[in-house]
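Here are my notes on the model you sent, set out as numbered points. They begin with the ligand and its surroundings and then turn to the sheet.

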Amino acid sequence: MLIETLPFQAARHACPSPQRAVHLVAGARPNFMKIAPLVRALRAHNGALGFKLIHTGQHYDRQLNDVFFEELGIPAPDELLAAGSGTHAQQTAKIMLGFEAWCEREEPDLVLVVGDVNSTLACALVAKKLGIRVAHVEAGLRSRDMTMPEEVNRVVTDAISDFLFVTERSGVRNLLAEGRPRAAIHHVGHVMVDNLMYQCGQLAGTDTLRFVSSALKRRLRRYGVVTLHRASNVDTPEALARVATALRLVARRIPLVFPVHPRTRANLERFNIVFGDAVLLTGPMAYMDFLNLWKDAAFVLTDSGGLQEETTALGVPCITVRENTERPVTVEEGTNVLAGTDPERVQLEAFKILDGESKHGRRPALWDGKAAERIVAILHEVLA
Ligand code: UD1
């Protein structure tokens, strides 16, 4: 065993490839907006650092996937692992098997994972055990709710990553409290905000007439936007019924547009839950179409992590239908209100906004569109 592995490792270090390469991992919808600015920054760095893109196949539907690659300007992946859906163990294991084979063949100089989905954890674990350095973008966020699969993914990924790229100050504090070395922690801002700013620029030059959102905006004029897909809100009949009650209460005063995630769609049918006419259900939307919708909404009502941040970045009121958030800066400095899941509390927060009492937030430190550049500069320094 030892005899077999030694020449391989020696060869790797003695003969580094002429161009060092970062291998970027993407698997699920929220990963794609974080990868896009990193690809742009790597390309802008005069190609000094090479990159490859691995898509784990955690998300595979065109609406959750291909449309994002096209719109966000992400190149076709170098490898598609086609892991697909399953239980957490099945999905994580399939990604790990595929990614291990890729790493053994391609010998990445560094593996970069983003966010907190199963692909993030699976690929970080594989790389670390093969002795490959791991960078985690969006490190340090903590909800302290270990019933959330994403929290488990965050904690484990951060425990084994060599480079911890942090979006907000709470992340730095959390990582230090967990004993991670100061030198590994880099507060760089948020690549998702880089992407948002870039896409707002693109949107300004786009004919939006063909968008589903444009027709809805013309028809409704004033509206709220809803996204809900967390297991804790949609996976049991009780939880989903509670959410539905909240939406019906809010929709008494303002129509709601709700692009439904496949997980939520399946459970609405399974539990036979209906919302009434004032809640308009659509399929998942492409990034630009959805941005065009929510940027002009009276408020966004969500359990998504990313939208809490994107609404803060653009100053749109946000009501988070969860008991906790791993992104406290959006509440402390931004437009986010943590409403919990009690329907009357959700209604109260929505009505406050409709009565002109919304929070005025500010954009957090380093959310300036340059996070990816900072990350690439650091990686370039260590890999050059
Ligand atoms: C995953 C992430 C979550 C993220 C969300 C964004 C984990 C643990 N969860 O949740 O953090 O916020 O993505 O969307 O990684 N399905 C389809 N088509 C697809 C993908 C999934 O129909 O392309 C359906 C399948 O029935 C699947 C279900 O959605 O079983 C759930 O998909 P999965 O990737 O397991 O989790 P998400 O709920 O999407």
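1. Around the ligand there are 17 residues, and those that come nearest are Gln58, His59, Glu150, His229 and Arg263. Please keep in mind while reading these points that the model is predicted.

2. By class, the shell around the ligand is made up of five nonpolar, eight polar and four charged residues. Helix H4 (88-106) and helix H12 (262-271) each contribute at least two residues to this shell.

3. As for polar contacts, an N or O atom in the side chain of Arg263 lies 2.6 Å from an oxygen atom of the ligand. Backbone atoms take part as well: a polar backbone atom of Tyr60 is 2.8 Å from a ligand oxygen, and a backbone N or O atom of Asn118 is 2.8 Å from an oxygen atom of the ligand. Taken on its own, the ligand has 740 Å² of accessible area, of which the protein covers 85%.

4. Turning to the sheet, seven strands form an open arrangement with parallel pairing, in the order E3-E2-E1-E4-E5-E6-E7. Strand E3 (79-80) and strand E7 (185-187) stand at the edges with a single partner strand each, so one side of each has no neighbour in the sheet.

5. Within this sheet, strand E5 (residues 133-139) runs parallel to strand E6 (residues 163-166), and four bridges join the two; Ala135 stands opposite Phe163 in E6.

6. Helix H2 (residues 29-44) lies across strands E1 (21-26), E2 (50-55), E4 (110-114) and E5, and runs at about 160 degrees to E1.

Methods: Residues numbered from 1 in each chain as written. Predicted model: local features only at pLDDT ≥ 70, side-chain atom pairs only at ≥ 80, totals over all residues. Heavy atoms only, no water. Pairing = 2+ DSSP bridges. Contact = heavy atoms within 4.5 Å. Axes fitted to C-alpha atoms, helices over the stretch in contact; angles between N-to-C directions. Near = heavy atom within 4 Å. Polar contact = N/O pair within 3.5 Å; in protein donor to acceptor, adjacent residues only side chain to side chain. Areas by Shrake-Rupley, 256 points an atom, 1.4 Å probe, with all protein chains shown as cover. Nonpolar A, V, L, I, M, F, W, Y, C, P; charged D, E, K, R; others polar.
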